[in-house]
Amino acid sequence: MALKNQWRNIYYSFPVQLLILHLRNHHLLMGLWLCFLLFCSGLAGKKLGILYLFLDPEYLGHVNFWSYYFVGFAFGGFFMSWNLTTYLLSAQYFPFLASLSRPFTKFIINNFLIPFLFLVVYLILVIHFQYFGEGLQSGGILLYCLGFLLGMFSLVACYSLYFQFTNRDISYYERKGRQAPDLAKSFMPGRRDVDLEYIKQDENRWKVRTYLNEAFRPKIVRSVAHYESRTLKNIFKQNHLNALILQLLSMLLLMSLGLLIDFQAFRIPAGASMFILGSVLAAITGAVTYWFHEWRVTLIILTLLGVNFLTRIDWLNPKNKAFGMDYENEPAPYTYEKLTNTCQLEAANQDKMKTRAILENWKKKCTVEGESKPKMVILCVSGGGLKAATWAMQVVQTADSLSQGRLLDQTVLITGASGGLIGMAYLRELYHLQQQGEVESIYEKKHIDQICKDLLNSIVFSIVSNDLFLPWSKVEEGGYTYNKDRGYVFEQQLNENTNRVLDKSLSDYRDAEARADIPMMYITPSIVNDARRLIISPQNVRFMMMPPVGESIRHNFEVDAVDFRQLFDAHQADSLRFLTALRMNATYPYILPNIHLPSEPEIEVMDAGFLDNYGIMPAARFIQVFQDWIRENTSGVVLLQISSSEKIEEIAPSGGQGIIESLINPLGIAVKVMEKQELEHDNTLGFIYDILGDEQFHLIRFLYRPQDQKKLEAAISFHITDREKVDVLNAIYLDENQSSLRQLQQILPPRIQPNSTLGRLEK
């Protein structure tokens, strides 16, 4: 009997009853904790690297005590906002609170179960990630955890100080002999008030036997039937008003940070930004529920429909634009007739002649004594965030070093998608600066360290602090005004990470490419409107717009690509910021905004990987167009395919699905079709073999995969951890990649044989 009473006392304790109330009534607020738990554990957003924002936060480019302190500080804000909101919605159901000293403080203490459980799980995840993932010693892990906890308690202390001077309880008014102020007009009229006369009666109130005091000791709940309901209600409302003021201040803080995104010191860790966003969402959810109660779901649905309708208006939904371009001129007509007229036979032949002149310059540069015809190298790099950028640079640095510079010297064209092409653009620029004597060596490890620097933190920070609340912020670039959003912040961060060497316009590369000082680069983002490729190059490339045979048999072959410079010649296409072109090629959905171009109808572009994640298709067409010149002037083509993901994956089973899974299965099929571009690419490469022959075409693949098959491969993200970085760099020592290096050395032997072999990178 005693045991039964003990369990009943636990069940009817205030902490347990609050938990039951939240699970029953506050699903949206509980959903916030669930979302953060899914993100931190990697169960959601793992491929995008969202968990790193919480488990490996960066501030000013470093993971340290202060980065965790800011995340902890923001978590403290979310913790308090959640408590404020639940207090706003729930306190009146527990009228005994108003009779206690410091009612809100006691509410927080008894509302600890959910936050405490999350905090314990989060700290365990941090310890596990830093110890097993990053190899950090216990002292460093302890410092990180201490930073997080100090940050959290710093914020909680600030809130507590505020409430100490503003919140009043019933004992205060009894001592002063005053009535609690009537705050009935402080809230939106029409809100259905709770009948405290009914609730405070013992037989009707939410049954609670005990609560925890500040010393975490259980106390018996006393009846408050003898207190005047008006006094209790006004005390709650006075507490609620203070809570709303603090939640409004949280939103203003977030908006203020959005105004300061150009200053690195104010770019707090993205995990902190997300916790602040959680605070704002909790406040909004609480306000809507408090004021509209049963109508809250209807209101949310109507609001979403209204926002969708209003944002069809351009000035209410500012679209991302390409920096450097002129959007004030009359939009360029984007019609099929305009495309076919652009790539007429005569125009395409003119561009071919200019490109042949580039190839002739390349041939002069590459022809060495004893070799009548050089090998033509084409680099195709895959997308995949910083993982792909790191892997592409590691492969090309290593291979070029072993060939003593012949690889990049004999590279004619670089194509690809997303992160891989960003890495190659940076390495190409370093190669150019080395020719001019401004860079000592392109093989230094510090260059890979630069490209590995985090980009995701700034993007997510901008989404949370700027894009959601200040979408009309402006920035001036090249004499034109554009929206300042996460696309702008991405370019600024990439520019800072690469020491601003890529801060150029598209036309700045024309002469260097024309002289064959550097390889040509085709940037090929996907056009959302019609699934064509947009080919961005400082050279004229109208010959790339359709298969070569289509120039003579036009009615049988459709234009499948667009020459960017020709279409937007009247809109300062040459002034396009090169960083923007790279961003166009790496616009992963949701992470970066799609870019809208000045055409009619308006062209919307996104990641090149949507159509071709490896750059194989433009490389194949280039070979097809210039096959006669290649046969006559080269000893063959070497195509280096640098892939940051497994080529041949296990076949997934299709059975064992429930009815709900089967309903959404077509979406999964669509994603798989996009992921299996390799099948079509192999067919295309087989076609190139048929054109040039086995002796004239060499396909060499470099593939990243984890050295330890039991470990997960690096995430497809704009953030890469130290462990992932080491794993990616050391993938060059995999047997298949070593074999590819030897094959490449046979085809492009160094001018002087090296005396030593490569050693394993230090972890």
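# Helices, strands and turns

Asn 83 has a relative accessibility of 0% and therefore counts as buried; buried means under 20% relative accessible area, exposed over 50%, and partly exposed in between (1.4 Å probe, protein chains only). The model is a predicted one, in which local features need pLDDT of at least 70 and side-chain atom pairs count only at pLDDT 80 or more, while totals for chains, interfaces and linings use all residues. Residues are numbered from 1 along each chain as its sequence is written, and side-chain values use heavy atoms, with hydrogens and water left out.

Asn 83 belongs to helix α5 (residues 65-90). Helices (H or I, at least four residues) and strands (E, at least two) are DSSP runs, numbered from the N terminus. The C-alpha atom of Asn 83 lies 6.3 Å from that of Ile 108, although 25 residues separate the two along the chain.

## Helices

Helix α7 covers residues 113-133. Its 21 residues should span 30 Å at 1.5 Å a residue, and the 29 Å between its end C-alpha atoms agrees with this; the expected span is 1.5 Å times one less than the number of residues. The buried residues of α7 are Ile 114, Pro 115, Phe 118, Leu 119, Tyr 122, Leu 123, Val 126, Phe 129, Gln 130 and Gly 133. These residues cover an arc of only 155° around the axis, so they sit on the same side of α7; the arc is taken from the directions from the helix axis to the C-beta atoms. An α-helix has 3.6 residues a turn, so residues three or four places apart point the same way. Leu 117, Ile 124 and Phe 132 are exposed on the other side of α7.

Helix α18 (residues 418-435) has 18 residues and extends 26 Å from its first C-alpha to its last, close to the 26 Å expected at 1.5 Å a residue. Of the 18 residues of α18, 16 are buried, so the helix is largely enclosed by the rest of the structure.

Helix α11 (residues 229-259) contains Ile 245. With a relative accessibility of 36%, Ile 245 counts as partly exposed. Together with Leu 248, Leu 249 and Leu 252, Ile 245 forms a nonpolar patch on the surface, and the four have about 340 Å² of accessible area together. Patches are made of residues with over 30% relative accessible area and no salt bridge, like charges being joined within 9 Å and nonpolar side chains (Val, Leu, Ile, Met, Phe, Trp, Tyr) within 5 Å. A salt bridge is a side-chain nitrogen of Lys or Arg within 4 Å of a carboxyl oxygen of Asp or Glu. Accessible areas come from the Shrake-Rupley method with a 1.4 Å probe, and for residues only the protein chains shown count as cover.

## Strands

Strand β16 (residues 637-643) runs parallel to β17, and seven bridges join the two; strands pair if DSSP finds at least two bridges between them. Ile 642 has Phe 702 of β17 as its bridge partner. Strand β5 (residues 376-381) also runs parallel to β16, over six bridges, and Leu 379 has Leu 640 of β16 as its bridge partner.

Seven of the seven residues of β16 are buried, so this strand is largely enclosed by the rest of the structure. In a regular strand the side chains alternate between the two faces of the sheet. In β16, Val 637, Leu 639, Gln 641 and Ser 643 point one way and Val 638, Leu 640 and Ile 642 the other way, and all are buried. Strand β17 (residues 697-703) is mostly covered, with six of its seven residues buried.

Strands β7 (residues 474-477) and β8 (residues 480-483) pair in the antiparallel sense over four bridges. Val 475 has Tyr 482 of β8 as its bridge partner. The two strands form a hairpin, with two residues between β7 and β8.

## Backbone in loops and turns

The table gives residues with a positive phi.

| Residue | Phi | Place |
|---|---|---|
| Gly 135 | near 70° | follows α7 |
| Gly 437 | near 80° | follows α18 |
| Gly 478 | about 60° | turn of the β7 and β8 hairpin |
| Arg 500 | about 65° | loop between α21 (486-497) and α22 (510-514) |
| Ala 516 | about 65° | loop between α22 and β9 (520-521) |

Arg 500 has its positive phi although it is not a glycine, and the same description applies to Ala 516. Arg 500 counts as partly exposed, at 47% relative accessibility. Ala 516 is buried, with a relative accessible area of 4%.

A cis peptide bond, with omega about 0°, joins Glu 600 and Pro 601. Pro 601 is found in the loop between β14 (599-600) and β15 (603-606).
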